[in-house]
Structure formats: C-alpha cells, structure tokens
Amino acid sequence: MNNDQPEWLKQALRGDQEAFGLLVDTYQRPVYNLCYRMLGDTGEAEDAAQETFWRAYQHGSRYDFDRPFMTWLLAIAAHYCIDQQRKKHLPSFSIDLMVEEMLPDPTPGPEKSTSKKEEANLLQKVLAQLKSEDRAVIILRYWYEMSEDEIAQTLSTTTSAVKSRLHRARLMIAQQYKVPEAILASGGNSYEPSTL
Amino acid sequence: MSHQPYEEWIFSDESLTPQQYEAVREHVEKCKQCRQLQTRWQAAQLQMKTEGFVSPAPGFTSRWQSSLAERHAHQQKQSARRLVLFLIGLAMITLVFWTIYTVTTTSLSDFLAMIFATAARFIIFYQEFKLIVLPVIFRVPPIVYLIAWTITLGTTMFLAVVWGGAIWHFSFRKPKSGELAREGVKPNEN
C-alpha cells in the first residue's frame, strides 16, 4: 500500500462519510471540469460529478492505493460521461453554421472579454463535435496534462490507441477551430508554437 | 502535394529537431492547407491551455451529502422490497414444488382425500378447543375481559402506529440537519 496517501483519503475509501465529504471538497473541481468538458452542459456535468463521487464511495474498497487517486476518480468520471454520450446519441448539426455564429471577434478593447468568452464557447462546441472517446483523450491531455500512458491507464485502453485518438482529435479540432481571417492571413504569427 | 510527415510534426507533442523544424517551416510557407491547420491548431491549443478548470456552483459538497442521504434511504427501501419479494417467491416456489410432489406421488383421488381430511382435522381441532376453552372463559369475571381487551387493543394500536411510522420514516421523511451532521454532513455551504 502506498503510504503517501493522506489518512483521510484512506478513511474516506473505507466508508467514513465525514472523510468522504473532505474528499468531495478536495476533488470536486477537477471532476466537475472533466464532466463539463465532456458533456458541455452545467446541469448534466453536476449530475455526472455527483454520480462519480457516489460510484467512488460505493466502490472505494476496489481502489488500488498504488495508483494515483486522481487518475482513478477521473477514470470513473470519464467512463460515466462516455456512457452517457453513447446513450444520448446526440443529433449531429452543421459545425460550419455553428462556428460562423461563434466566430471570435478580432476587435481589441472593451469587447475583448466577450471575445474571450466566445472563443471559449467555440472551443467547447468544437470539442462537442469529437467522438466521446477522442474528446476524453484531448481533455485529459490538455487540461490534466496527462501523458499518453496515463491516459491509456485512465481510459482502460492501449497507448497506441491513445496516440491514434489524439491525432484524429487534433486534426478535427484544427479543421474546425476557426480563427479570425487576419490571423490566418498572417500565417498564425500571433500564436507562439509550443513544439516548433 | 504530400502533407506527410509535416502534418504529423505539426500535431506532435514532442520537440522537433532543427531539421524537422526547418522542413515544416518551408512546407508551411508553400502549402496553404498545412498553414491553416498549423495556425488553427496552435490557436486551439493556446485556448485549451488558457481555459483553466470550470468550477461547480457553490454548495457542491452539501448537495453531494444530501444526495448521499437520499441514496442511502433509496437503497434501504430497495433492500426491503427485495427481501419481501424474495420471501414471497420462496413461499410460491415451495407451494409449487409441494403441489407437484404431492400430485406426482399420489393419485388425484388420494390428493383430494388428503385435502378434505386436513380440513376435517382442523374443524375437529377447533371444536375440541371450544369444548376445553369456553367453559374456562365463562368462569372468568367480566373485569378480566375488559383488562384483556384493553391490553390487546392498546398493543395492536401501538404496533400499528410504530409500523406506520417506520414506513413513513423510510419512505417520505427527509433527514434533519442533526441527523445529517451525525452522518458527517456539513451545514449548507450557500
């Protein structure tokens, strides 16, 4: 057993309700964020996050203390959200029409915060167009900074499957994330490449 | 025009060698499609990195604890329902097996005779019981009847109230804050 885990976490996973309240307090934000990014709706994200903690509470005895707790919790949330998406069978609609409406405003100044919000909405809508498994991979990679191996462990899949999903998802995002024409025309110099 | 391996390199998480970097730069200058992909991907990546975490509405932990109490109550009701169904099922299965066993091991006439004999035995037992008990009952003073009826009625009513209260408690009542606190539930964070 990994002794680095705090005592309250062990107590919580043994069914101590007070300790579990502390656990919910500590991990609510990352769990809720994952659910929100996966489902794109605050109400559904709340339900999914609550369900995640309930499942963790019920199956706390199955947790392997040698694994990072966060990975285990996020695995429950991700699997639950993927299942929810499969059950919903979201109707597909034209991404082009949608992104035209959400096109970020390049005007600087007082409207900048509105523009930022629009960009955030645009990103969320582009994410919504991905397959739920691909979306989970992207979210875990960029919001939780997990390695490909960690993502594979979290989603119970292979590293090569994660690599292929990451590539597919990145390509789709790049095709659908519409940036202002001015930036495109300038060859994207406004954005500093992270790897080049 | 071939877009590989440039497309692969544009999306790569790993650092590129100076040669790869130069090759991508040259290709992107000539290829509009890859330039567009690169720009959009970099914009999206930047957006993802600056977005941060979305927080739930305040009071998430309180809502979780309330839902935990509700789920516990729901689980208890389900367990009680399962137990009742199990006992009814067990009784039905026993009855079915007993009937099949009796019908297959005895003839129909013997089976009917056995049912009538059992009924007759019950009637005889009841008659004998009356013969023994009634004379005793008639000799008891009326006050004893009154006391006995009062105790019986009182006990029955008490049990009925307890039974009804238990059903209400497990079915409809929401837990009070004191009980929530005993279960480790904190007061509302809002």
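**Burial and make-up of chain A**

I began with burial: of the 196 residues of chain A, 33% count as buried (20 or more other C-beta atoms within 10 Å of the residue's own; exposed means 12 or fewer, partly exposed lies in between, and C-beta atoms are placed from the backbone). I kept in mind that this is a predicted model, where local features need pLDDT of at least 70, side-chain atom pairs count only at pLDDT 80 or more, and totals for chains, interfaces and linings use all residues. For my labels, residues are numbered from 1 along each chain as its sequence is written, while chains are lettered from A and ligands numbered from 1 in the order in which they are written.

I then looked up the secondary structure of chain A and found 10 helices and 0 strands (DSSP runs numbered from the N terminus, with helices being H or I of at least four residues and strands E of at least two). Along the sequence I read the pattern α-α-α-α-α-α-α-α-α-α. Among contacts in chain A between residues at least 6 apart in sequence, I noted that 61% join residues at least 24 apart (a contact means C-beta atoms, placed from the backbone, within 7 Å).

**Chain B, briefly**

I checked chain B in the same way. I found 7 helices and 0 strands there, running α-α-α-α-α-α-α from the N terminus on. Buried residues make up 15% of its 190 residues. Of the contacts in chain B with a separation of 6 or more, 70% are accounted for by residues 24 or more positions apart.

**Helix 2 of chain A**

Where does helix 2 of chain A bend? I found a kink of about 55° at A:Y27, shortly before the proline A:P30 (the bend is the angle between axes fitted to the seven residues ending at a residue and the seven starting there). I also compared spans: helix 2 (residues 17-39) covers only 28 Å between its end C-alpha atoms, whereas a straight helix of 23 residues would span 33 Å at 1.5 Å a residue (the expected span is 1.5 Å times one less than the number of residues). Just after helix 2 I met A:G40, with a positive phi near 75°.

**Its neighbours, helix 3 and helix 4**

I looked at helix 3 next. Helix 2 and helix 3 of chain A pack at about 135°, with axes 8 Å apart (axes are lines fitted to C-alpha atoms, for helices over the stretch in contact, and angles run from 0 to 180 degrees between N-to-C directions). That angle makes helix 2 of chain A oblique to helix 3 of chain A (under 35 degrees is roughly parallel, over 145 roughly antiparallel, 65 to 115 roughly perpendicular, the rest oblique). Among the residues making this contact I listed A:V24, A:Q28 and A:Y32 of helix 2 and A:A45, A:A49 and A:F53 of helix 3.

For helix 4 (residues 69-88) of chain A, the axes come within 10 Å of helix 2 and cross at roughly 25°. Helix 2 and helix 4 of chain A are therefore roughly parallel to each other. The kink residue A:Y27 and the proline A:P30 are both part of this contact, and A:L73, A:A77 and A:C81 are among the partners from helix 4.

I also checked helix 4 by itself: its 20 residues reach 29 Å from first to last C-alpha, close to the 28 Å expected. Its buried residues include A:F69, A:I76 and A:Y80; I saw the buried set pack against helix 1 (7-13), helix 2, helix 3, helix 7 and helix 8 of chain A.

**A:Q28 and the contact between the chains**

Which residues does A:Q28 touch? Leaving out residues up to four places away in sequence, I found A:A49, B:P56, B:F60 and B:T61. A:Q28 lies in helix 2 of chain A and is buried, with 20 other C-beta atoms within 10 Å. A:A49 is 21 residues away in sequence, yet 7.5 Å away in space, C-alpha to C-alpha.

The contact between the chains takes 37 residues from chain A and 38 from chain B. Helix 2 gives the most to the side of chain A that touches chain B, with 11 residues.

**Two positive phi values**

Last, I looked at two loops. A:E145, between helix 7 (132-142) and helix 8 (148-154) of chain A, has a positive phi near 50° without being glycine. A:S156, between helix 8 and helix 9 (159-176) of chain A, also has phi near 50°. With 9 C-beta neighbours inside 10 Å, A:E145 counts as exposed; I found 9 for A:S156 too, so A:S156 counts as exposed.

Methods:
Contact = placed C-beta atoms within 7 Å.
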